[in-house]
Amino acid sequence: MKHSRLRAFAVIVSSALTLPSIAYAQDKDAFRNQAKASTAQLQGQGEPRDRCSMGAFVGEGGLVTRTFSGSALKPGDHLISINRVDVSGKRAEDIIAVLRGTGPTAVIPVRVERGGQPMDVDVSCSNARPATEALMSGLNLAANGKFDECVSAFGQRDDLGTYGATIKVQCAALSRNPGRYNLAQFTFEAMQSLVEDARWAPSMRSDVIRRLRASESLITQGLGIARFQELVAVTRSWPGGERMFEASAPDWALFRRNSEASLRARLIDPDSARIEWPYGFTYGTWKPILSKRVEGYWTCGSINARNRMGGYTGSTSFVVVLDANGFVQFVDMGEARDFDFVTSQCNGSVKYLPPPQRELAGAGVSQPAQAASIADELRKLVDLKNSGALSEAEFQAAKQRLLGTSGQ
């Protein structure tokens, strides 16, 4: 699973710490290893220690993205100098290095650019140690698989920023009883931090939009559509990025066509398939039995088709995962028996899915004739292969081009 780097962070932690996914849980071992690596990184930087915290989160180029504890700094400030040390355009790591040499009770002069004008402010330091200790305690607990204790360690703190809020979501999702936590609220709070930070950090925005779409179903089902729309509204306040969320919507009609083509390719009688789309796509991961997680837009539906004897086998579940461009990454379907793994997985997972997108809901049941042209082309390819005109490799390559897949 791919994860972006944390771009905006408190002045108590490093920007190199990895920000995990929000709307779906990672594999436990991967998350534990990530938490262990982050703890070791902070320890290598000499944390925790008594030193100055300016009560701010700083992003690329010394840009303040968020403040807490009544800081004299404001979101949008560009740091020019701290305690008369030039930090203009510096990395956040360099800014932290300056603060490590400043006591936790000092009052330091800070020059910023605010609203296009230079301004001098006096910043009263607070001690970075309590927040750093809380962060490292939570990470240590996560590294040891103590996820409930990890959630408690983060509590209601507001000085750990997006990173702390995201780790809290993951710990709750991986805990012994996730239902005891309000995962929707935890996720909302983490996404709220992300979308607010991205106002001041354009490089974060594409990843934030992806994460926002991934969280839609969880937040909507747990807190209501209005709460999710609050987050979308914040993205519309991004200077220069006002339409990023709307523009990021995948081509759902293409998703449907490619998904159905891949499903039909697995059938004895592709033309007979009746495919239903009771749910929409959501971004996340799907964990196939005995295989690694597949990340992308996924959904479950039902399919029924004729067998070799010409009779319909009965409706069974299917799952399909596509990337943002509509290429099928994974597809599987049940076996129309009393029990099968795909149907069992889908039954347990559909609670995370949104209602079908308009392009899915409006079309109803996919009738066999809708994919006749694709099925015809598939039959032609099979005939060419059987006649010897196409090698196995040529046949597979042609089929993948026809179905819009990437070798899955």
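**View 1. Helix α5 and the elements that cover it.** In this predicted model, the buried residues of α5 are covered by a set of elements that includes α1, β3 (56–58), α3, α4 and α6. The helix is mostly hidden, with twelve of its 13 residues buried. To find them in the close-up, follow Gly161, Thr162, Tyr163, Gly164, Ala165 and Thr166, then carry on through Ile167, Lys168, Val169, Gln170, Cys171 and Ala172. From its first C-alpha to its last, α5 reaches 19 Å, close to the 18 Å expected at 1.5 Å a residue.

**View 2. The largest nonpolar core.** Here we look at the largest nonpolar core, which holds 27 residues. Good places to start are Phe31, Leu135, Leu139, Cys150, Ile167 and Cys171, the members that touch the most others. At least two residues of this core come from each of α1 (28–44), α3 (129–143), α4 (147–154), α5 (161–173) and α6 (183–198). The biggest contribution is that of α3, with eight residues. Two of the core members named above, Ile167 and Cys171, are also on the list of buried residues of α5.

**View 3. A second core, set apart.** Another core lies apart from the largest one and has 20 residues. Among its members are Trp252, Leu263, Leu267 and Tyr297, which make handy landmarks for this close-up.

**View 4. Pro178 in the loop after α5.** Follow the chain out of α5 towards α6 and you meet Pro178 in the loop between these two helices. Pro178 counts as partly exposed because its relative accessibility is 30%. Beyond its neighbours within four places in sequence, Pro178 is in contact with Ala172, Ala173 and Leu183. Of these partners, Ala172 is one of the buried residues of α5. Look also for Asp148: its C-alpha is 8.9 Å from that of Pro178, although the two residues are 30 apart in sequence.

**View 5. An open sheet of four strands.** The strands of this open sheet follow the order β6-β5-β7-β8, and their pairing is antiparallel. At the edges stand β6 (85–86) and β8 (117–124); each has a single partner strand, so one side of each is left without a neighbour in the sheet. Zooming in on β7 and β8, you can trace the eight bridges that join these antiparallel strands. Glu113 makes a useful marker here, as it stands opposite Pro118 in β8.

**View 6. Where to trust the close-ups, and where to take care.** Across the protein chain the pLDDT averages 84, and 83% of the residues score at least 70. Confidence is highest in strand β7 (residues 107–114), at a mean of 96, and lowest in strand β1 (residues 9–10), at 40. The pLDDT is below 50 over residues 1–16, yet this stretch has 69 contacts in the model beyond near neighbours in sequence. Residues 364–372 likewise stay under 50, with 24 contacts beyond four places in sequence. Where pLDDT is low, predicted coordinates should not be read in detail.

**View 7. Stepping back to the whole chain.** To place the close-ups, it helps to recall that the protein chain has 14 helices and 14 strands. Of its 408 residues, 49% count as buried. The accessible surface comes to about 18600 Å², and carbon and sulfur atoms account for 49% of that area. Among contacts with a separation of 6 or more, 62% link residues 24 or more positions apart.

Conventions: Residues numbered from 1 in each chain as written. Predicted model: local features only at pLDDT ≥ 70, side-chain atom pairs only at ≥ 80, totals over all residues. Heavy atoms only, no water. Core = buried A, V, L, I, M, F, W, Y, C linked by side-chain atoms within 4.5 Å. Buried < 20%, exposed > 50% of the residue type's maximum accessible area, 1.4 Å probe, protein only. Contact = heavy atoms within 4.5 Å. Areas by Shrake-Rupley, 256 points an atom, 1.4 Å probe, with all protein chains shown as cover. pLDDT = per-residue confidence, 0-100. Expected span 1.5 Å × (residues − 1). Pairing = 2+ DSSP bridges.
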